[in-house]
Amino acid sequence: MKANIYFFLLLILFTSCKKDNIAYKSDFNKSYQAWINFKESSGNSYRYAIATSSWTGSSSETIITVKEGKVIQRSYIAKNLIPATNQLEIIEEWMEDESKLGSHERGATFRTLDEIYKEVKDKWLLKRDHADTYFESGNNGMISTCGFVEKGCQDDCFQGVHINFIEKI
C-alpha cells in the first residue's frame with residue numbers, strides 16, 4: 001500500500017512538470033516587471049516607436065501613442081537610402097488620429113505594449129529548433145528587441161519587433 005502511494009505521488013510529480021518552452025524567460029520576466037512599473041508610473045499613457053530596416057537601405061519608424069491604455073495616434077515615416085549620395089530620402093510619411101487609426105496599410109500595427117508583451121511571450125520567444133531567438137531590454141529595462149530568425153534564411157528574416165524608445169506622455 002505504501003509503495004502504491006509513493007508511486008502515485010511520483011507519477012503526479014513527473015506528469016505535472018511541464019517543459020518550459022520560452023527562451024529568455026528570466027530576462028522576459030524582469031522586462032515585464034519593468035513594463036508594469038512604467039505603466040503604473042505613467043498612468044498607462046506613453047508613446048513608443050517600432051523600427052524596421054532592410055539590407056537594401058530602406059527603413060521605417062512607426063510611433064504609437066497610447067493614452068490611459070487606449071491607442072489614440074499612429075504616425076509613420078519610411079526612408080530609402082540613395083546609394084550614389086549615401087543620403088536617406090523620405091518616401092512616405094503620414095499620421096493617423098484616433099478616428100483614422102488603421103486607414104493606412106503600411107506601418108506597424110497599432111497596439112498597446114500590453115499586447116506586444118503578450119505576443120512576445122506567446123509567439124516570438126517560443127523555443128524553436130529551426131531558429132535563433134533574440135531578446136533585449138534596452139528601454140530602461142523594457143523590451144527593445146524580441147524575435148527570431150529561421151536558420152538558413154539570408155535576407156530580412158527577422159520576425160519580431162524592434163522598439164527604439166518608450167516614453168511617458
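Student: Which residues are exposed on the other side of helix 2?

Tutor: In this predicted model, K30 and E40 are the exposed ones there. To read a helix, start with a general idea: an α-helix has 3.6 residues a turn, so residues three or four places apart point the same way. Now look at the buried residues of helix 2, which are F28, S31, A34, W35 and F38. They cover an arc of only 125° around the axis, which puts them on the same side of helix 2.

Student: What covers the buried residues of helix 2?

Tutor: The cover includes strand 1 (46–53), helix 3 (113–124), strand 5 (131–136) and strand 7 (159–168).

Student: How many Å should helix 2 span, and how far apart are its end C-alpha atoms?

Tutor: Count 1.5 Å a residue: the 17 residues of helix 2, 25–41, should span 24 Å, and the end C-alpha atoms are 24 Å apart, which agrees. Just after helix 2, look for G43, whose phi is positive at about 65°.

Student: Let's turn to the strands. Which way do strand 1 and strand 2 run, parallel or antiparallel?

Tutor: A general idea helps here too: in a regular strand the side chains alternate between the two faces of the sheet. As for direction, strand 1 and strand 2 (residues 59–67) run antiparallel, joined by eight bridges. For one spot to find, R47 stands opposite T65 in strand 2. The hairpin of these two strands has five residues between them, and G57 there takes a positive phi near 105°.

Student: How many bridges join strand 1 to strand 7?

Tutor: Five, and this pair is antiparallel as well. Here A49 stands opposite F165 in strand 7.

Student: How do I read a pocket, and what is the volume of the largest pocket?

Tutor: Rolling a probe the size of a water molecule over the atoms shows where empty space is left. In this structure, the largest pocket has a volume of about 420 Å³. Its lining is made of 20 residues, and A51, T52, F158, G160 and H162 lie nearest the centre. Strand 1, strand 2 and strand 7 are the elements that give two or more residues to that lining. Strand 1 gives the most, with four residues.

Student: Where do these elements fall in the whole chain, and how many helices and strands are there?

Tutor: The chain has three helices and seven strands. From the N terminus on, the order is α-α-β-β-β-β-α-β-β-β. Of the 169 residues in the chain, 34% are buried. Finally, take the contacts with a separation of 6 or more: 46% of them are between residues 24 or more positions apart.

Methods. Residues numbered from 1 in each chain as written. Predicted model: local features only at pLDDT ≥ 70, side-chain atom pairs only at ≥ 80, totals over all residues. Heavy atoms only, no water. Expected span 1.5 Å × (residues − 1). Buried < 20%, exposed > 50% of the residue type's maximum accessible area, 1.4 Å probe, protein only. Arc of directions from axis to C-beta. Contact = heavy atoms within 4.5 Å. Pairing = 2+ DSSP bridges. 1 Å grid on protein atoms, 1.4 Å probe; cavity = no way out; pocket = protein on both sides within 12 Å on 5 of 7 lines; lining within 4 Å. Points joined across faces, edges and corners; volume = space filled by probe spheres on them.
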